[in-house]
Amino acid sequence: RQVRSSQYIYSFTPYLVSLPGNGYGLDGAGDEWIYNVEVSLKPSREPLFGDLEIIKSLKTFNKTLGGATFIFQIEAEKDGITYSDVKSVVFDAAGTKSITIAEKIPAGAVVTVTEVYSGASYKITSDPEKTQTILADETVSVDFTNDYDDRLNGGTSVVNHFVDTAAGRPDGGSTDQDS
C-alpha cells in the first residue's frame, strides 16, 4: 500500500523472498539453510504539490490611462531548491482578479510573493510582501490591494517565456524555422 504524509507519497516495490533461504552462489557463503531471514522494504518517494492563488484587488481605476498592470515575484524554497517565477495581471476596470499557479510548487515549500510593480499610477495599500506555506492538494492564497493615486502616468508590461533547452528543443518544439 502507498503511504501518504503531508508532503510525499511513499510507494513500496513488491518483491518475492523465499523462506527458508540460503546464500548459495554468494561470495564466501555456503549452502546451509537460513531460517532467520531479514528483509527490507524498497521505498520510493514522490512529492505532493499544492496550488498558490494570488488575489489582486483594484479599488479605483482611471480609464483614461488604459490597462493597469501589476507584477508579482514568486519565490518558493524547500530543501535547498528554489522555485522562482514572475506573474502579471492586467486590469481594465476596478475589481478583483486572481492568478493560480497549479501543481508546480511542492507541499511544504515556503513561498514569498512580492508585488514588484504596482502600475504606473497606482499605489499598493496592503503589505507588498506575503509569505505562505504550500499545503498538499490545497490552494493557499495571498491577497494584495491597490488604488489609483491621482497621477497621470501610463504604463504597460511584457511577459517573457523561456524554454529549458536541456529538456528539449530551444524553440519549444516548433517546426517553424523563423521561431
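In what follows, a residue is called buried when its relative accessible area is under 20%, exposed when that value is over 50%, and partly exposed in between. Under that cut-off K130, with a relative accessible area of 19%, is buried. I shall return to K130 when I come to the salt bridges.

Good morning. The structure before you is a predicted model, and I begin with the confidence attached to it. The mean pLDDT of the chain is 85, and 88% of the residues reach 70 or more. Over residues 174-179, however, the pLDDT is below 50, and in the model this stretch has four contacts beyond near neighbours in sequence.

Now the overall architecture. The chain contains 13 strands and zero helices. Its pattern along the sequence is therefore an uninterrupted series of β elements, β-β-β-β-β-β-β-β-β-β-β-β-β. Of the 179 residues, 27% count as buried. The accessible surface comes to about 11,900 Å², and carbon and sulfur atoms account for 50% of that area. As for contact order, take the contacts between residues at least 6 apart in sequence: 63% of these join residues at least 24 apart.

Let me turn to the sheets. One of them is an open sheet of four strands, arranged in the order β8-β7-β10-β12 with antiparallel pairing. Why does one side of β8 and one side of β12 lack a neighbour in this sheet? Strand β8, residues 81-91, and strand β12, residues 129-133, stand at the edges, and each has a single partner strand, so one side of each is left without a neighbour in the sheet. From one strand to the next, the twist averages 20 degrees.

Within this sheet, β12 is joined to β10, which covers residues 110-117, by five bridges in the antiparallel sense. One register point may help in viewing the model: T112 has T131 of β12 as its bridge partner.

A second region to examine is strand β6, which spans residues 49-58. Seven of the ten residues of β6 are buried, and the strand is thus described as mostly covered. How many bridges join β6 to β9, and in which sense do the two strands pair? There are nine bridges between β6 and β9, the latter being residues 95-106, and the pairing is antiparallel. In this pairing K56 lies opposite K97 of β9. Strand β6 also pairs with β13, here in the parallel sense, over eight bridges. The bridge partner of S57 in β13 is T145.

I come next to the charged side chains. Side chains of opposite charge can pair when their charged atoms come close. Searching the whole structure yields four salt bridges, and I shall describe some of them.

The salt bridge between D137 and R4 has an N to O distance of 2.1 Å. It links distant parts of the chain, since D137 belongs to the loop between β12 and β13 while R4 belongs to strand β1, residues 3-4, and the two are 133 residues apart. D137 is exposed, at 54% relative accessibility, whereas R4 is partly exposed at 48%.

A further salt bridge joins D143 and K130, with 3.6 Å from N to O. This pair also connects distant parts of the chain: D143 is in strand β13 and K130 in strand β12, 13 residues apart. Is each partner buried or partly exposed? D143 is partly exposed, with a relative accessible area of 44%, and K130 is the buried residue with which I opened, at 19%.

The salt bridge of D85 with K87 has its closest N and O atoms 3.6 Å apart. Both residues fall in the partly exposed class, D85 at 24% and K87 at 28%.

I close with a single residue, I134, located in the loop between β12 and β13. What is the relative accessible area of I134? The value is 1%, so I134 is buried. Leaving aside neighbours within four places in sequence, the residues in contact with I134 include G50, D51 and L52, together with I105, P106, A107 and V140. Of these, A107 lies 27 residues from I134 along the chain, and their C-alpha atoms are separated by 5.0 Å. I134 thus offers a useful place from which to view the model, and I welcome your questions.

Notes:
Residues numbered from 1 in each chain as written. Predicted model: local features only at pLDDT ≥ 70, side-chain atom pairs only at ≥ 80, totals over all residues. Heavy atoms only, no water. Pairing = 2+ DSSP bridges. Axes fitted to C-alpha atoms, helices over the stretch in contact; angles between N-to-C directions. Salt bridge = Lys/Arg side-chain N within 4 Å of Asp/Glu carboxyl O. Buried < 20%, exposed > 50% of the residue type's maximum accessible area, 1.4 Å probe, protein only. Contact = heavy atoms within 4.5 Å. Areas by Shrake-Rupley, 256 points an atom, 1.4 Å probe, with all protein chains shown as cover. pLDDT = per-residue confidence, 0-100.
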